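Please work through the exercises below with the sequence and the coordinates open beside you. Each one sets a task and then solves it step by step.

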Amino acid sequence: MQRVYRQIARVAVTSISVFVTGESGTGKEVTATLIHQNSRRRHHPFVAVSCAVRGPRLGHHAEAPEQLENRIHECFAAVTESVRDPGT
């Protein structure tokens, strides 16, 4: 667990995008929240998005890497759109 906390601290001070993955119930949203709370963007809105609700689970089917990458991009596009227009 200490390793996870160190990684959170390391990425929170950067401006990179972080894609948190893992099995159901492993604390992905908690991890993302901690990264946000420790970042320079902590005073801006935090939007948690479950990519699982965007269609079949990522990696659930044997997909080609390009298909998986496209699905990840779709998820990020949905996040960007919801942040720009929170009423949708």
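The exercises that follow concern a predicted model, and they go from the whole chain to single residues.

**Exercise 1. Describe the overall make-up of the protein: how many helices and strands are there, and what share of the residues is buried?**

Solution. Begin with the secondary structure, where the count gives 3 helices and 0 strands, and where reading along the sequence gives the pattern α-α-α. Next turn to burial: of the 88 residues of the protein, 12% count as buried. The accessible surface comes to about 7100 Å², and carbon and sulfur atoms account for 54% of that area. Finally, take the contacts between residues at least 6 apart in sequence, of which 46% join residues at least 24 apart.

**Exercise 2. Find the buried residues of helix H2 and state what they pack against.**

Solution. Helix H2 spans residues 28–37, and its buried residues are Thr31, Ile35 and His36. These residues lie on the same side of H2, because the arc that they cover around the axis is only 135°. Looking outward from that side, one finds that the buried residues of H2 pack against H1. The face of the helix turned away from the buried side carries Glu29 and Val30, which are exposed.

**Exercise 3. Which residues does leucine 34 touch, leaving aside those up to four places away in sequence?**

Solution. Leucine 34 has its place in helix H2, and with a relative accessibility of 26% it counts as partly exposed, because buried would require a value under 20%. With residues up to four places away in sequence left out, leucine 34 touches Tyr5 and Ile8. A further distance relates leucine 34 to alanine 12: the two are 22 residues apart along the chain, and their C-alpha atoms are separated by 8.3 Å. Glutamine 37, which also lies in helix H2, gives a second distance to alanine 12, since the C-alpha atoms of these two residues are separated by 8.2 Å although their positions lie 25 residues apart along the chain.**Exercise 4. Is tyrosine 5 buried, partly exposed or exposed, and which surface patch does it help to make?**

Solution. Tyrosine 5 lies in helix H1, which covers residues 2–12. Its relative accessible area is 40%, and tyrosine 5 is therefore partly exposed, as this value falls between the limits of 20% and 50%. Together with Met1 and Val4, Tyr5 makes a nonpolar surface patch of about 310 Å².

**Exercise 5. Trace the polar contacts of histidine 36, first through its backbone oxygen and then through its side chain.**

Solution. Histidine 36 is found in helix H2, and because its relative accessible area is 14%, under the 20% limit, the residue is buried. Its backbone oxygen lies 2.8 Å from a polar atom of the side chain of serine 39. Serine 39 is found in the loop between H2 and helix H3 (65–84), and at 6% relative accessibility serine 39 counts as buried. The side chain of histidine 36, for its part, reaches the backbone oxygen of arginine 41 at 3.4 Å. Not counting residues up to four places away in sequence, histidine 36 touches Arg41, Arg42, His44, Pro45 and Phe46.

**Exercise 6. Where does lysine 28 lie, and which backbone oxygen is found 2.8 Å from a polar atom of its side chain?**

Solution. Lysine 28 belongs to helix H2, and it is partly exposed, with a relative accessible area of 26%. The backbone oxygen in question is that of glutamate 23, which lies 2.8 Å from a polar atom of the lysine 28 side chain. Glu23 also appears among the residues that lysine 28 touches when those up to four places away in sequence are not counted, and the others are Val20, Thr21 and Gly22. Finally, lysine 28 and alanine 48 are 20 residues apart in sequence, and the distance between them, C-alpha to C-alpha, is 9.8 Å.

How values were computed. Residues are numbered from 1 along each chain as its sequence is written. This is a predicted model: local features need pLDDT of at least 70, side-chain atom pairs count only at pLDDT 80 or more; totals for chains, interfaces and linings use all residues. Side-chain values use heavy atoms; hydrogens and water are left out. Patches are made of residues with over 30% relative accessible area and no salt bridge: like charges are joined within 9 Å, nonpolar side chains (Val, Leu, Ile, Met, Phe, Trp, Tyr) within 5 Å. Accessible areas come from the Shrake-Rupley method with a 1.4 Å probe; for residues, only the protein chains shown count as cover. A salt bridge is a side-chain nitrogen of Lys or Arg within 4 Å of a carboxyl oxygen of Asp or Glu. Helices (H or I, at least four residues) and strands (E, at least two) are DSSP runs, numbered from the N terminus. Buried means under 20% relative accessible area, exposed over 50%, partly exposed in between (1.4 Å probe, protein chains only). The arc is that of the directions from the helix axis to the C-beta atoms. Contact means heavy atoms within 4.5 Å. A polar contact is a pair of N or O atoms within 3.5 Å; within protein, one must be able to donate a hydrogen and the other to accept it, and residues adjacent in sequence count only if both atoms are side-chain atoms.
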